[in-house]
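Me: I'd like to go through this one with you and ask how each label is earned. Can you set the values against the cut-offs for me?

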2 protein chains.
Amino acid sequence: MSDLLERLRGRGWRMTAQRRVVAEVLDGDHVHLTADEVHARAVVRLPEISRATVYNTLGEMVSLGEVIEVSTDRRAKRYDPNAHRPHHHLVCASCGTIRDVHPAGDPMADLPSDERFGFTVSDVEVTYRGICPGCAATG
Amino acid sequence: MSDLLERLRGRGWRMTAQRRVVAEVLDGDHVHLTADEVHARAVVRLPEISRATVYNTLGEMVSLGEVIEVSTDRRAKRYDPNAHRPHHHLVCASCGTIRDVHPAGDPMADLPSDERFGFTVSDVEVTYRGICPGCAATG
DNA sequence: TCCTACAATGGACTAAGTCCAAGTCAAGTG
DNA sequence: CACTTGACTTGGACTTAGTCCATTGTAGGA
């Protein structure tokens with residue numbers, strides 16, 4: 001049923017009703033939700049779940065590398081369960097929706113070492129910005 | 001003296017002591033400052049300047065396209081006065097410092113139209129993440 | 001010099017998230 | 001199965017970064 005849940009269980013995660021619900025909510029939908037959206041959906045199944053627990057659980061899934069945190073602006077962070085397939089993001093500047101995209105090319109290879117300033121570079125993130133069809137239509 | 005100031009004046013910007021100070025602070029230093037850092041430096045020269053004014057002024061410079069807003073996480077946004085030379089960013093995951101980098105390649109060209117989902121794509125942002133030499137040294 | 005529209009102020013307010021002490025419970029042990 | 005214990009959850013207080021607004025000030029044109 002839930003791949004994410006299986007992977008987490010396999011890492012010795014202590015399974016609680018709250019964690020199960022959070023994992024299922026995240027994995028079930030392929031939009032990238034904010035913590036509050038995850039909480040809102042989790043509450044439907046488990047009315048007494050707290051915001052703090054949702055934040056904790058999402059944070060742990062991020063540390064375990066099972067989920068990616070995407071913050072494209074100062075609005076809420078969004079959580080992307082698709083951590084195992086490399087991809088980048090296309091963000092609507094108006095409503096904040098995020099879509100996964102798979103551009104050609106490897107941007108990591110485009111950064112020569114004399115442009116690294118002694119940093120240990122571990123990750124690249126490419127964010128395309130634009131206006132989604134929905135927002136373009138409604139002005 | 002200040003290129004940024006000249007450009008803004010040329011756009012019919014009403015010049016006030018506050019705006020001058022904000023523009024000079026931003027342009028004077030080639031680190032990318034947060035709004036609060038800009039405010040702290042502005043206060044040294046003009047003690048009664050308010051935080052609200054700093055936010056307003058930075059916001060206007062961003063709308064005019066003279067300054068770029070960079071938000072790499074949920075910490076404070078940073079402001080990049082180098083808006084006229086295309087470049088990307090290298091961010092320290094530990095302390096948040098940002099350096100400008102100039103990778104080879106054009107990531108915009110790497111996004112085929114069948115991966116655009118009807119979006120009008122106007123901008124790409126590439127963010128390299130890693131650990132800066134300073135943070136690597138101090139653990 | 002005077003006017004007035006644009007700008008600055010500061011304090012209240014908000015959104016998103018973090019922290020913590022106290023209570024609860026999953027799952028290993030006997 | 002009952003116990004135990006350390007990990008998990010809770011909710012409320014707190015923080016950070018930023019926005020909003022009514023009031024006051026002032027740049028720059030007539």
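Me: Which residue in strand 6 of chain B does V91(B) stand opposite?

Reply: R129(B) is the one opposite V91(B) there. Keep in mind that this is a predicted model.

Me: What makes strand 4 and strand 6 of chain B a pair?

Reply: Two strands pair if there are at least two bridges between them. Strand 4 and strand 6 of chain B have four bridges, running in the parallel sense, and that satisfies the rule.

Me: And how do you know that strand 4 of chain B pairs with strand 5 of chain B?

Reply: Same test: at least two bridges are needed, and four join these two strands, which run antiparallel. V91(B) turns up again here, with I98(B) as its bridge partner in strand 5 of chain B. The two strands form a hairpin with five residues between them. In the turn, G96(B) has a positive phi of about 85°.

Me: Why is strand 4 of chain B called largely enclosed?

Reply: Buried means under 20% relative accessible area. Five of the five residues in strand 4 (residues 88–92) of chain B are buried, so the rest of the structure largely encloses the strand. Both faces are covered: H88(B), L90(B) and C92(B) are buried on one side, H89(B) and V91(B) on the other. As background, side chains in a regular strand alternate between the two faces of the sheet.

Me: What makes strand 1 and strand 2 of chain B edge strands?

Reply: The three-strand open sheet in chain B has the order 1-3-2, with antiparallel pairing. Strand 1 (33–34) and strand 2 (68–70) each pair on one side only, and that makes them the edges. Strand 1 is joined to strand 3 (residues 78–80) by two bridges, and at least two is what pairing asks for. One bridge links T34(B) to R78(B).

Me: Why does D36(B) count as partly exposed?

Reply: Buried is under 20% and exposed is over 50%, with partly exposed in between. D36(B) has a relative accessible area of 42%, so it belongs in the middle class. This residue is found in helix 3 (residues 35–45) of chain B. Its C-alpha atom is separated by 27 Å from that of V124(B), 88 residues apart along the chain.

Me: What is notable about the phi of F117(A)?

Reply: The phi of F117(A) is positive, about 50°, although the residue is not a glycine. F117(A) is in the loop between strand 5 (98–101) and strand 6 (120–131) of chain A. With 32% relative accessibility, F117(A) counts as partly exposed. In chain B, F117(B) also has a positive phi near 50°, and its relative accessibility is 31%, again partly exposed.

Me: How do you know that R99(A) sits over the ring of F117(B)?

Reply: The distance limit is within 6 Å of the ring centre. R99(A) is over the face of F117(B) at 3.8 Å from that centre, so the distance passes. Another case is R19(B), over the face of W13(B) at 4.3 Å from the ring centre. As for aromatic pairs, the structure holds zero over all chains.

Me: Now the DNA. What makes the approach of Y55(B) to DNA strand D a polar contact?

Reply: A polar contact needs N or O atoms within 3.5 Å. An N or O atom in the side chain of Y55(B) is 2.9 Å from a phosphate oxygen of DNA strand D, so the pair qualifies. Backbone atoms do this too: S50(A) has a polar one 3.0 Å from a phosphate oxygen of that strand, and K77(B) has an N or O atom at 3.0 Å from one.

Me: How do you know that Q18(B) makes a polar contact with DNA strand C?

Reply: With the limit at 3.5 Å, a polar side-chain atom of Q18(B) is 2.7 Å from a sugar or linking oxygen of DNA strand C, so it counts. R74(B) also qualifies, with a side-chain N or O atom 3.2 Å from a sugar or linking oxygen of DNA strand C. Of the DNA strand C atoms within 4 Å of the protein, 71% belong to sugar or phosphate and the rest to bases.

Conventions:
Residues numbered from 1 in each chain as written. Chains lettered and ligands numbered in written order. Predicted model: local features only at pLDDT ≥ 70, side-chain atom pairs only at ≥ 80, totals over all residues. Heavy atoms only, no water. Polar contact = N/O pair within 3.5 Å; in protein donor to acceptor, adjacent residues only side chain to side chain. Buried < 20%, exposed > 50% of the residue type's maximum accessible area, 1.4 Å probe, protein only. Near = heavy atom within 4 Å. Phe/Tyr/Trp six-rings, centres within 6.5 Å; stacked < 30°, edge-to-face > 60°. Lys NZ or Arg CZ within 6 Å of the ring centre and 35° of its normal.
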